[in-house]
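Colleague: Got a minute to walk me through this one? Put it on the screen and I'll ask as we go.

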There are 2 protein chains.
Amino acid sequence: MTKIKTPVVRNALPLNEILAGDCIEVMNSLPEGSVDLIFADPPYNLQLRGDLHRPDNSKVDAVDDAWDQFGSFAHYDQFTRDWLAAARRILKPNGAIWVIGSYHNVFRMGAELQNQGFWILNDVVWRKSNPMPNFRGKRLTNAHETLIWASKAEGAKYTFNYEALKSLNEGIQMRSDWVIPICNGGERLKDENGDKAHPTQKPEALLHRLIVGTTNPGDVVLDPFFGTGTSGAVAKMLGRDFIGIEREEAYREVAQKRLSKIRKFDREALEVSTSKRSEPRVPFGQLVERGMLRPGEELFSMNGRHKVKVRADGTLIGDDVKGSIHQVGAHLEGAPSCNGWTYWTFKRDGKQVPIDLLRQQIRAEMT
Amino acid sequence: MTKIKTPVVRNALPLNEILAGDCIEVMNSLPEGSVDLIFADPPYNLQLRGDLHRPDNSKVDAVDDAWDQFGSFAHYDQFTRDWLAAARRILKPNGAIWVIGSYHNVFRMGAELQNQGFWILNDVVWRKSNPMPNFRGKRLTNAHETLIWASKAEGAKYTFNYEALKSLNEGIQMRSDWVIPICNGGERLKDENGDKAHPTQKPEALLHRLIVGTTNPGDVVLDPFFGTGTSGAVAKMLGRDFIGIEREEAYREVAQKRLSKIRKFDREALEVSTSKRSEPRVPFGQLVERGMLRPGEELFSMNGRHKVKVRADGTLIGDDVKGSIHQVGAHLEGAPSCNGWTYWTFKRDGKQVPIDLLRQQIRAEMT
DNA sequence: CTTCCAACTGAATCCGTTA
DNA sequence: TTAACGGATTCAGTTGGAA
């Protein structure tokens, strides 16, 4: 898949920097449709500032008022609406967003994503291998957080590196539950007192999987709640550009220091497994043109049940059917579709050989 | 925790019956504050576009029933508001609710639970050990569903059998992620044609854990979307009373037949399904994601004859070969297969260390 | 009576390019 | 914009018949 780059817009973007300020204001100052991926880990313990109003503008008074809960949610929802709208504006049409949260806030984020027209692709469970136990024994150990992956709109062409994720999972399709330890040990950033520099630093392994799986090298990854910059650090390692936005100076400083030490992996290591879909298309007719198969030569179905003849124009003809290798295969099998390349075989030296072997020969010549 | 019983109310309840009709109307006809637990598995509002075929061309039997069709999010939200309000009214002050859903609907349910004053206690992930794969390779395998457990209000004294769940989990605190297979085999109810009687029958193991953990014997468990009655069947086995509400006559009949065969304390059948523990599979890619090995780092074969580089997706690249640790090892040795875990080593402090050591570290964390 | 293999199945928002 | 068409894509498990 080739990406259309728009140099003017790209150059206007402040790449690989940490921008100071309120993320909504900063995002609104960036050009529309300019970012490939947004990763957002928003706070959910918002302090209520100033007067709080219900949607009908009546004021919410007492804190322990029955409406307090509603009021808090209304406030949080407004915040969520605003930053998601700002994020959506700067996303490229084929861009995507990841958000992460716990049950305190993730349901409201998910609903608002849908309300704004984002199209949810998966929800992903980060299953912590070493969570904090529930000390009081009053609930289940809260051993996971939830991520939501969504495209900008229904039908958009999002990036998904299927084969790379399959490789990361030793040849089996990547699932929606990811087992990853929480961030501690040497990876956990400390301040000058030896205390953790940020309360919710995310593990690099989580970002690694997400960035490898849903971006390409050279993409722009923006994080509106940058914190200590895990998303930026992993993006940089993986040869992506990042944009961080962070309000707190202390976090910006920690993140800046961290990023200065990061080195990009070499190009060869960043190439990942690709799917067959990205290989060049070879028309079946080329096999005939090149004399690899002769007009009139017989092809046999893989299961041995059918026999057809090759025609000079690269179509096949059977007893009651003619058409492309795919159409004839589908018709004979009564199937909705058929991959003719793997369905048909020809005879060489008495052995049955799949015609896909000939396609591979042509592709090898094309390199 | 002792429960105050109110015999008058209890006697008014139609216990251990399946009530016909719309669940909102039926719930509104029941006495206020009379039910201990509600389990709800409402329609998910899947929005499926066309047909889906497996790679072998067989057609996926989709959930396309009329009861899962809603015109818009607004319609679905109204439906959710109404049934949740009806459910909340009939709940005892110290009662609780469980709802289950997927990313299509669970965020809207979770937000509405909070809006109505329910207090979320945990969200629980049902991790399916055998989910349906993603056949087109366009997204992650949707391998889980989400449950939300909530009390009627903040501060309510909900039931939580901490020790019972701990016992179910081999003496370790029960976590918020539960690994349970989907319902198939003998447990899956069939109609007279041998087809599945209900498209979304839930496994009894899921309900077993939930009812053991959050109710006491003698409690009343109500299910407004009864379907084939899994909640009722497990409640009956475990000595709880149930109330089922179901609109479709066909489902009521199947459920009634099922329930007539259930005997209380028929425990042994359930005990059979205890886990057979084997060593968890660790994909090599996890070592890369977690930074135990870096993309670009060199691995050396045990015999010292070969050197390769690690890529970001957990594959290896050598002079003329790339693939998994096993594939590359086999290729270089000209062997039909190769255990990459014992074949490859990396250098640490000048010494050669087998990569299997890193796998052992991860496994130790997973216990 | 086993063992083996082919066929089948499960809450799924599941294609991309060219004419 | 729509229609046609090339061709890529699956994991864990159960069932039932054959060997």
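**Around the DNA**

Colleague: How many residues surround DNA strand C?

Modeller: A residue is near a strand if one of its heavy atoms lies within 4 Å of it. The closest here are B:R54, B:Y103, B:M132, B:R136 and B:R188, and the full count around DNA strand C is 38 residues. Sugar and phosphate make up part of the strand's atoms that come within 4 Å of the protein, namely 45%.

Colleague: And what should I keep in mind about the model and its numbering?

Modeller: It's a predicted model, with local features needing pLDDT of at least 70 and side-chain atom pairs pLDDT 80 or more, while totals for chains, interfaces and linings use all residues. Side-chain values use heavy atoms, without hydrogens or water, residues are numbered from 1 along each chain, and chains are lettered from A and ligands numbered from 1, in the order written.

Colleague: Which residue has a polar side-chain atom 3.0 Å from a phosphate oxygen of DNA strand C?

Modeller: Polar contacts here are pairs of N or O atoms within 3.5 Å. A:I120 puts a polar backbone atom 3.1 Å from a base nitrogen, and B:F135 has a backbone N or O atom 3.0 Å from a base nitrogen. The side-chain contact to a phosphate oxygen comes from B:N142.

**Chain A**

Colleague: What share of chain A counts as buried?

Modeller: Chain A has 13 helices (at least four residues each) and 14 strands (at least two). Buried means under 20% relative accessible area with a 1.4 Å probe, protein chains only. Of the 367 residues in chain A, the buried share is 53%.

Key
Polar contact = N/O pair within 3.5 Å; in protein donor to acceptor, adjacent residues only side chain to side chain. Buried < 20%, exposed > 50% of the residue type's maximum accessible area, 1.4 Å probe, protein only.
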